Amino acid sequence: ILSGKELMPVKKGNVTLAICFGFFLLCALSMGNRMYLLIAIIIALAWLFSFASVRMAEKSVKVENALSGLKVNRGEVVSMEIAVSHRSPLPIAPVALRMRATSNTPAGTIHLTQLGRRRQRVVHKFAADHVGAMFPGVESYEVSDVFGFFKREHRPDMAGQELLVLPVPFD
């Protein structure tokens, strides 16, 4: 079991996969049946490709966001464009973006389902209801494989994305 910033924790799915691999490998070696060996090899290849897809994608994922304005008046709707791309040749599951909470919008998760084309843009809108400084944007993103065996969470470098909400001026 790994912890901290190491790769990925052992999950129940990985343990089940390892048991199935061991069972089919044992059957293949004890009975001499090539079909069991083929199943064991397919399981090993699925696990290997899952591991490789997460490792390759996590090194190449880029998350960028841009606010429609850095200073807005209270009550205005602010739009934030989020662009996510990766250069991994292997497929990955939809990237999950964990968004920071704003004054009236709770923290939530956006799943990028169109990232199969290696690039996707999303517009996230929220109202600036409270006066003050806030830091909207992507808090973290999670990369996982299509089988769900491995996942890795990262925090993007989003320095300087402060939104200043000014009071509404009286006329």
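Modeller: Two rings of Phe, Tyr or Trp count as a pair if their centres lie within 6.5 Å. Planes under 30 degrees apart make the pair stacked. Keep in mind that this model is predicted.

Biologist: How many aromatic pairs are found in the whole structure?

Modeller: The search covers the whole structure. The number of aromatic pairs it finds is 6.

Biologist: Are the rings of Phe 24 and Tyr 36 stacked or edge-to-face?

Modeller: The ring centres of Phe 24 and Tyr 36 are 6.1 Å apart. Their planes meet at 25°. That angle is under 30 degrees, so the pair is stacked.

Biologist: Which helices does the pair of Phe 24 and Tyr 36 link?

Modeller: The two residues are 12 apart in the chain. Phe 24 sits in helix 1, residues 12-31. Tyr 36 belongs to another element, so the link runs between helix 1 and helix 2.

Biologist: Which residues form one aromatic cluster with Tyr 36?

Modeller: Tyr 36 is partly exposed, at 25% relative accessibility. Its aromatic cluster has two other members, Phe 23 and Phe 24.

Biologist: What is the order of the elements in the chain?

Modeller: The chain has 2 helices and 10 strands. Read from the N terminus, the order is α-α-β-β-β-β-β-β-β-β-β-β.

Biologist: How far apart are the end C-alpha atoms of helix 2?

Modeller: Helix 2 has 27 residues. At 1.5 Å a residue, its span should be 39 Å. The model agrees with that, because the end C-alpha atoms lie at a distance of 38 Å.

Biologist: Where does a side-chain oxygen of Asn 33 reach?

Modeller: Asn 33 acts at the start of helix 2. Its oxygen comes to within 2.9 Å of a backbone nitrogen, that of Met 35.

Biologist: Which elements do the buried residues of helix 2 pack against?

Modeller: The buried residues include Ala 40, Ile 43, Val 54 and Ala 57. They pack against helix 1, strand 1, strand 3, strand 8 and strand 9.

Biologist: Is Ser 60 buried or exposed?

Modeller: Ser 60 lies in helix 2, which covers residues 34-60. Beyond four places in sequence, Ser 60 touches Ser 85, His 86, Arg 87 and Ser 88. Its relative accessibility is 7%, and the cut-off is 20%, so Ser 60 counts as buried.

Biologist: Which residue offers a backbone oxygen to the side chain of Ser 60?

Modeller: The contact spans 3.3 Å. The backbone oxygen belongs to Met 56.

Biologist: How far apart are the C-alpha atoms of Leu 67 and Gln 161?

Modeller: Leu 67 is in strand 1, residues 62-67. With a relative accessible area of 15%, Leu 67 is buried. Gln 161 is among the residues Leu 67 touches, as are Val 78 and Pro 136. The two are 94 residues apart along the chain, yet their C-alpha atoms are separated by 7.8 Å.

Biologist: What share of the 171 residues counts as buried?

Modeller: The chain exposes about 10,500 Å², of which carbon and sulfur atoms supply 61%. Of the residues, the buried share is 39%.

Biologist: Which element has the lowest mean pLDDT?

Modeller: The chain averages a pLDDT of 81. Among the elements, helix 2 has the highest mean, 91. The lowest mean is 76, in strand 5.

Biologist: Where does pLDDT stay under 50?

Modeller: Where pLDDT is low, the predicted coordinates should not be read in detail. The stretch under 50 has 6 contacts beyond four places in sequence. It covers residues 1-6.

How values were computed. Residues numbered from 1 in each chain as written. Predicted model: local features only at pLDDT ≥ 70, side-chain atom pairs only at ≥ 80, totals over all residues. Heavy atoms only, no water. Helix = DSSP H or I, 4+ residues; strand = E, 2+ residues; numbered from the N terminus. Buried < 20%, exposed > 50% of the residue type's maximum accessible area, 1.4 Å probe, protein only. Polar contact = N/O pair within 3.5 Å; in protein donor to acceptor, adjacent residues only side chain to side chain. Contact = heavy atoms within 4.5 Å. Areas by Shrake-Rupley, 256 points an atom, 1.4 Å probe, with all protein chains shown as cover. Phe/Tyr/Trp six-rings, centres within 6.5 Å; stacked < 30°, edge-to-face > 60°. pLDDT = per-residue confidence, 0-100. Expected span 1.5 Å × (residues − 1).
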